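User: I'd like to learn how to read protein-DNA and chain-chain contacts. Can we walk through an example?
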Number of protein chains: 2
Amino acid sequence: MSVTKKVGRPKAFDRDNALAKATGVFWKQGYEGASMKLLTDAMGINSPSLYAEFGDKHGLYLEAINSYATNDACTPLVALETEPDITQAVRAFFEAVIDYSTHHASGAKGCFLVSCVATSAGHVEGTAELLRDAITSTDSRIKARFDHEIELGNLPREFPSADRAKLMFDLRQGMVFRARAGFDDSDLTGDTEKYVSSVLAKPEN
Amino acid sequence: MSVTKKVGRPKAFDRDNALAKATGVFWKQGYEGASMKLLTDAMGINSPSLYAEFGDKHGLYLEAINSYATNDACTPLVALETEPDITQAVRAFFEAVIDYSTHHASGAKGCFLVSCVATSAGHVEGTAELLRDAITSTDSRIKARFDHEIELGNLPREFPSADRAKLMFDLRQGMVFRARAGFDDSDLTGDTEKYVSSVLAKPEN
DNA sequence: CTTTTTTTGTAACGCTCATTACAAAATCCC
DNA sequence: GGGATTTTGTAATGAGCGTTACAAAAAAAG
């Protein structure tokens, strides 16, 4: 609670800022491609400080994943959950995705989880599990918003909320993949309206 | 044409097989994570042979990308293009995607382009361009199949073939992302039918 | 059988990697 | 101000990286 002054020499860096900078490096370079030199340079600290604060490179990576999953990766979800009108909400979700996958402050393109962590899921311990958690929790948060709208009568009773949640999230992976490959926001925004329609389309049959 | 005998000591390995094995290592480990030791062990050759045949690690990587893009990554497209009925064709596309993203012979999960090459697009020369080529060419091959069905009268005149092609391909990225995270074919096949419906749904208004 | 050509396996190259030992520096406590 | 405590920056560690030099081996050509 209190900002208790601690004995000893004070830290010369901000933890959250250093972690954000490290995330940017991982995002651009991948896990193995992010060397200690690149990391410490971006974070503005020396390696002993990094080790004292995060354990080692692997620990830093896991923290970066958690930090990203609860910050950047959540802004589209927050947009989806706060926008009152459901069509506007879905639109806002995709717009937020396009925004940070093409214009993130770090300069990295695409999505950190899809374009970097997914690669390490093949061989870096602990990452596949974090990825699965992120996927299932996102699926269910989207579904929850749809269910809420069904309750309100803004979506038909038979609206397949779970299926459409996965569809919506899977479409997102395609968009961030395009962003990673170098397509910019003007290339992606053209698809948004069609994707919104498909996500909210009345179930056939 | 002719299998002209060449002077000198004959090669002791098969080029295509070695390249396929290398692709599997890159797919699992990522570009930097795929060390020369892992590569040469999997390929069954020593590093001088690798350098003589592929130039260097970077050259091998680019060849692996091209090889994958014209082989594994194409089987869903071939399925889409050869299956006579359009609904069956779209279904076969997704089934082929699920098949190799969860059961590839190399043991790697997901899609090489999405789960590995996309990461290197951030920093490995020449990869972003290959990725963009793969995306645009896939978009247009899917669209071509839809256009063909419009001609035949099996899809309505106003069917938005270009939009649905991108939607279909973007949905695929979501599926292979799930596969990479560790979801298996039984988790993914449940979504297929809904995705087929969304891809082929009658355009609203 | 000798020469020429090409690929082989071994062993080395310099470099960069992640990690850490250590002493100087900066703060709080008494 | 002196001692305790924590972080700092420097510099070193051994291991592993991608790459290559080189000589032995295996084939065809003369």
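Analyst: Sure. A polar contact is a pair of N or O atoms within 3.5 Å; within protein, one must be able to donate a hydrogen and the other to accept it, and residues adjacent in sequence count only if both atoms are side-chain atoms. Here, a polar side-chain atom of A:Lys57 sits 2.7 Å from a phosphate oxygen of DNA strand C. This is a predicted model, where local features need pLDDT of at least 70 and side-chain atom pairs pLDDT 80 or more, while totals for chains, interfaces and linings use all residues. Residues are numbered from 1 along each chain as its sequence is written, chains are lettered from A in the order written, and side-chain values use heavy atoms, without hydrogens and water.

User: Which other side chains have a polar atom by a phosphate oxygen or a base nitrogen of DNA strand C?

Analyst: B:Asn46 has a polar side-chain atom 2.6 Å from a phosphate oxygen, and A:Arg9 has one 3.3 Å from a base nitrogen.

User: How many residues surround DNA strand C?

Analyst: Count a residue as near if one of its heavy atoms lies within 4 Å of the strand. That gives 24 residues, with A:Met36 and A:Tyr51 among the closest. Sugar and phosphate make up 73% of the strand's atoms that come within 4 Å of the protein.

User: And how many salt bridges cross between chain A and chain B?

Analyst: Look for a side-chain nitrogen of Lys or Arg within 4 Å of a carboxyl oxygen of Asp or Glu. The rule finds eight across this interface, including B:Lys166 with A:Asp191 at 3.2 Å, N to O.
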